[in-house]
Amino acid sequence: MDSIYDDNSDVDTKAVAVARRVVRFLLSRTEAQSTILSKNALQNVIRDISRQENCERVPFDVLIQQVSKILEDVFGYELQRLADGGNSTSKAQRYILLNTLKPLPGVNELLIDMSQRAYEHYVAMDQNSTPCRNTLDNDLHDEDLAFKGVLSVVLCIILFSKNHILQQELLSHLESFGIPIDGTKIPILNCTIDELLKTMDKREYLSKIQDSSDIQGETISYRIGKRTQSEFGLDSLVLLVQSVMGLSKDQYPSLKDDIAKNIADSYKSSNSI
């Protein structure tokens, strides 16, 4: 059976309802920035929804195919399986939800401008004051933009460090960008750099590596995580650098070659994490 739309039976109608509810579940996770889900957890969700819809068992791969079709055709998302690092067991398999819609011209520039103005506004405030805010203020949106901005900086630092950097080196670089590393909360994000790195590691944008030795004691280093592999590939890195440097499209090919040489096998090496 290649589709759950093969006929008009009651079973197929219920299977479609299950697929749609699974789609709603996955989309709800994007609101919480939780877009990675193990196959085992996804199977449990499908089983619970199927039971609620009184639907007979539909093969997992067939249902996922239909869920992916709805996500892509209606919402512009792709349900992609993450690299498993050589472990192909069902429990180890994981999926990530990616936004495949291309932004409208000028939207990114507008969002960056909004983020910059919001950041300047909050930094300029007296830190001891508690300003009144309308409940309609877009603070969560500003926070999301700020998070993505700092994340872009962190990823670039790690990638241009050949995908391996000690925590102290990373913090030193971040401080040069004006990001506090002394335990002070980062404006807009309202968290310390340690808390932010922990969040990035938890969401699998980064991979934190802890090593202990009798000579050096414990050392902490970072690599890019599996989620970065899917959401922020080489082409995205090139476009970011191109935008920051204000380069023309004609310079894209040579820029991509230069960046590829500088970051070495950063993306390839993370597949073995």
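Q: Axis angles under 35 degrees count as roughly parallel, over 145 as roughly antiparallel, 65 to 115 as roughly perpendicular and the rest as oblique; which of these words describes α2 and α3?
A: This is a predicted model in which local features need pLDDT of at least 70 and side-chain atom pairs count only at pLDDT 80 or more, while totals for chains, interfaces and linings use all residues. Residues are numbered from 1 along each chain as its sequence is written, and side-chain values use heavy atoms, with hydrogens and water left out. The axes (lines fitted to C-alpha atoms over the stretch in contact, with angles from 0 to 180 degrees between N-to-C directions) of α2, residues 39-52, and α3, residues 60-75, come within 12 Å and cross at roughly 85 degrees. The two helices, α2 and α3, are therefore roughly perpendicular.

Q: Which residues of α3 make the contact with α2?
A: Contact means heavy atoms within 4.5 Å, and on the α2 side it is made by K39, L42, Q43 and I46. The residues that α3 brings to this contact are F60, L63 and I64.

Q: How many helices and strands are there in the protein?
A: Both are DSSP runs numbered from the N terminus, helices being H or I over at least four residues and strands E over at least two. Counted in this way, the protein has 11 helices and 6 strands.

Q: Which element supplies the largest share of the largest nonpolar core?
A: A nonpolar core is a set of buried Ala, Val, Leu, Ile, Met, Phe, Trp, Tyr and Cys residues joined through side-chain atoms within 4.5 Å, and the largest one has 36 residues, of which L196, M200 and L237 touch the most other members. At least two residues of this core come from each of α5, α6, α7, β6, α9 and α10. The largest share, 10 residues, is that of α5.

Q: Is C156, which L237 touches, buried or exposed?
A: Leaving out residues up to four places away in sequence, L237 touches C156, L159, F160, F232, I259, I263 and Y267. Buried means under 20% relative accessible area and exposed over 50%, with partly exposed in between, for a 1.4 Å probe and protein chains only. Because its relative accessible area is 16%, C156 is buried.

Q: Where is N163, and is this residue buried or exposed?
A: Most residues other than glycine have a negative phi. N163, although not a glycine, has a positive phi of about 65 degrees. The residue lies in the loop between α5 (139-159) and β4 (165-166), and because its relative accessibility is 1%, N163 counts as buried.

Q: What is the relative accessibility of I188?
A: I188 is found in the loop between α6 and α7, where it has a positive phi of about 75 degrees although it is not a glycine. I188 counts as buried because its relative accessibility is 17%.

Q: Which residues is T192 in contact with, leaving aside its neighbours within four places in sequence?
A: T192 has its place in the loop between α6 (167-176) and α7 (193-202), and its relative accessible area of 14% makes T192 buried. With those sequence neighbours set aside, the contacts of T192 are G183, T184, K185 and I186.

Q: How far apart in space are K249 and L239, C-alpha to C-alpha?
A: K249 sits in the loop between α9 and α10 and is exposed, because its relative accessible area is 75%. K249 and L239 are 10 residues apart in sequence, and their C-alpha to C-alpha distance is 9.5 Å.
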